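Please open the model in your viewer and have the selection tool ready. We will walk through it stop by stop.

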Amino acid sequence: MQYTHEQMKNMLHGAYKKLKSYYFYDKTLLFTKKKIAEFESDDMLFSQTFDKLTEALVSEDREYFDALIAELDYVVLPKSLAAVSAPPAAIVGTIDHHKNIAKVNFFIDVPIELLIIDCLWTLYLAKIGQQKYGTSTCSYAGKFKSSIFHVGQDDLYEGIDFESNRCFEPYFENYSQWQKDAFTRLRQGLKKYDQLMFSLDLKSFYYSVRFKFNTLCSLLDDDPRLREITFITDVEEQIYQAYTKLISQYKIGIDIENNATIFPIGLLSPILLRELYLYQFDQNIGEALTPIHYGRYVDDMIIIIPTEVHASQVTPEFICELLIKRGVIKKKYATQGEDYVFSGFESISIQKRKINCFFFEQSAPNVLIEVAEKQIKCNSSEANLLPEFDLIKDCFNDTAYFFNSIGGSTKIRDIGVLQSNNYAVSRSVTMMKQLIKNTYIPESNRKKIVEFIEDLLEFYSGSSAFEFIGSWTSIFELILQLKVLSCDKKRHDPFAQRFYRGIAEYIDHELTLDHLEDKAVYAKKKPTIYRQLKKSLKEQRGISISIAMALDYRWNTTSQKSQKNIELAKKFRKSNMFNHNLVTFPLLNYLPFDQISTYSFLEIQKDPWSNSDTLTLDQERLYWTPRFIHLDELLIYHFMQSLQNKKGRFDSRINIETIWNRYTELNRIKYLSAKRIANQRSASVQDSQVDLVEVTVSNRNRSGFFVGLANTVVTEEDVIQSLLHPEHKMEIQDKEHLFRMANTAIRESYTINIQRLLFPRKHSKPRDTYDNVHLQEH
């Protein structure tokens, strides 16, 4: 390749930072997180790997990459579960915890070097296709942050931000926007006509796609920059073909003709290639249907069109006939089946039984829209709230389960099937962890949390743990938090053992592939897949425990497995690939690793930074951070250091300017580096000890800026005691008033735009409590 060694290494470093950040937030592909943690565990090997990878790309060393591709393998995990037997005629009063595997996913498993160049190649293609594909209005998933591509700079080295770890826009925001936009356009359409809204789901999209690398030139308008990256493109094609060939041995229906490939699940590049591949697909739907709205999120589509038919005519059959008439789809099999394929994309199909359709009448009140919009808004806004104390007071089952009664009837005869609500439960677990963070838990409060965890483990018992495999780490974290904060000194934890053994029991005695969907995998390959599935699940369990233990090594036993988990936990801690939201003080985990290698990140600390100098955070750890470093974290860190190191008063003007510069430098925010966020003037009132401080905050929108003033009652004695005894005023009840006040400010900000909440200086809450509030702002 044409780049110098220095340029190539800089690009590889940047690609790795973005790759690491992406998997930092992922809850499923823990084996890739482990790969990253192990990669960073040996400093010398870490550096040498980048040197070798740089040399191999610059010199276009095919043998080097052939050896890496030869290590390609797969990890198999459950995709969905189904009941073993048909549901009984009677309504059962319990949740079925004995389901079994109905679908599996085959994730690509390759050396870390190939993950890095895959990310680099993805950035190259995204830059090349930015002008054509970067402004798509109908696709909502896999959007790149606009700031990573430099406007007016076409060069692949100069035109991409290789300094920061920023890459994709947050998943949840785009997903919510996908739903919001559909209802907004629906309301607009209803002003003129009745509206028909329907959703389509592309069947097994990643396995059904037939992508040909020789189409890249036409997809990217034969951009000359493609020739600059020919070598790395050839390596990518080898990876895709090797994965396709491997998975075709197990999964039925993957034909490998004309060098076409499927999309490897677990790489970053398919996120971009998916959008290039489906660009014309989206255009075809738009031209054929001229919809009021068309929005696609990965392989899920929402389409809204005006209609003159009656509501009774709107059925999946009607939708299929309409799409056939408009030339969008056609029957997959002429004589039988309910599968349809898309014209021009015959490998991609939909199933009639999975089509959902909705009819909205122009002149009638459409309550469904209001209810749905309210729920979407509630789900998105709740993410900004601190945990409510009803979480402890209320019954867990009220959140975890629901049943569909007919018309909301309270009659027993109208009670529907009992169902579990994993979304609500996973949110409850997250909120509970936030609630007890930096909290001293006496026996009286411990009992309530114990009851919550007992109900939680019942919810995730048996097959339910495998339906929601992404929750394993979070559950282990909560159990460990309770153990540490309630000062439980016992070597064994009954809750951790119960959850661990429950997973083991299911894997060893209930897990089968007897209920896989028909024609999903080759029968003769089932034993191999079964062994690999058991191996993958056991590894997933061990990694989940280790990620939780990166916060505290409290589960230290003499068993060989426990020692293995602790060693892996140390690697997760060193690489910072664990849950930073639970660390007691902001940025504590960015101190030099030798200072914090055995530190508890969960215990309430009295002097966490007493032995460190001002802003002596580890530069190497900050350089490879998997996340954004927030301004308030730096402010709290610097302020507490100043106090604990007895450096006297906190000089607001000097310190804030220093911290602001550090903030822009750490996060590579060049456009903010020259800006001042605040101008400050101080003056003393004559014959008094009062200082008047005037602060002017930079704000483009000068109108509508509101400041909330909090009314707190904390005595000076409380403050002194909290410094001497960090658990003072740190029980759950002590947080309740503060959290309710903060949540009220957040809710009111939706209508009156409160942007700051100020607390009287003389009545400061204990420092640990503020940490919860500040971090929640993110």
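Start by selecting residues 293–297, strand β4, together with residues 300–307, strand β5: the two run antiparallel and are joined by five bridges. Keep in mind throughout that this is a predicted model. Now show Tyr297 on β4 and look across to β5, where its bridge partner is Asp300. Between the two strands of this hairpin there are two residues. One residue to pick out here is Val298, which takes a positive phi near 60°.

Stay on β4 and turn on its side chains. Which residues point one way from the strand, and which the other way? His293, Gly295 and Tyr297 point to one side, while Tyr294 and Arg296 point to the other. Residues on both sides are buried, Arg296 included. With five of its five residues buried, β4 is largely enclosed by the rest of the structure.

Next, move along the chain to the open sheet. Its three strands come in the order β6-β7-β8, and their pairing is antiparallel. Select 329–331 for β6 and 345–351 for β8: these are the edge strands, each pairing on one side only. From one strand to the next, the twist averages 40°. Then add residues 339–342, which make up β7; this strand pairs with β8 in the antiparallel sense over four bridges. To see one partnership in the pair, select Phe342 and find its bridge partner in β8, Phe345.

What packs on this sheet? Select residues 269–289, and you have helix α12, which touches β7 and β8. Look at the directions of α12 and β8: they make an angle of about 65°.

For the last stop, select two helices, α5 (residues 112–128) and α11 (residues 230–248). Two packed helices can be described by the angle between their axes and the distance between those axes. Here the axes come within 10 Å and cross at roughly 120°. That angle makes α5 oblique to α11. Is the crossing of α5 and α11 left-handed or right-handed? It is left-handed.

Now show the side chains where these helices meet:

- From α5, select Leu114, Ile117, Asp118, Leu120, Trp121 and Tyr124.
- From α11, select Ile232, Thr233, Val235, Glu236 and Ile239.

Try colouring this contact of α5 with α11 by residue class: you will find eight nonpolar residues, one polar and two charged.

Conventions:
Residues numbered from 1 in each chain as written. Predicted model: local features only at pLDDT ≥ 70, side-chain atom pairs only at ≥ 80, totals over all residues. Heavy atoms only, no water. Axes fitted to C-alpha atoms, helices over the stretch in contact; angles between N-to-C directions. Parallel < 35°, antiparallel > 145°, perpendicular 65-115°, else oblique. Left-handed = near helix turned anticlockwise from the far one by under 90°. Contact = heavy atoms within 4.5 Å. Nonpolar A, V, L, I, M, F, W, Y, C, P; charged D, E, K, R; others polar. Buried < 20%, exposed > 50% of the residue type's maximum accessible area, 1.4 Å probe, protein only. Pairing = 2+ DSSP bridges.
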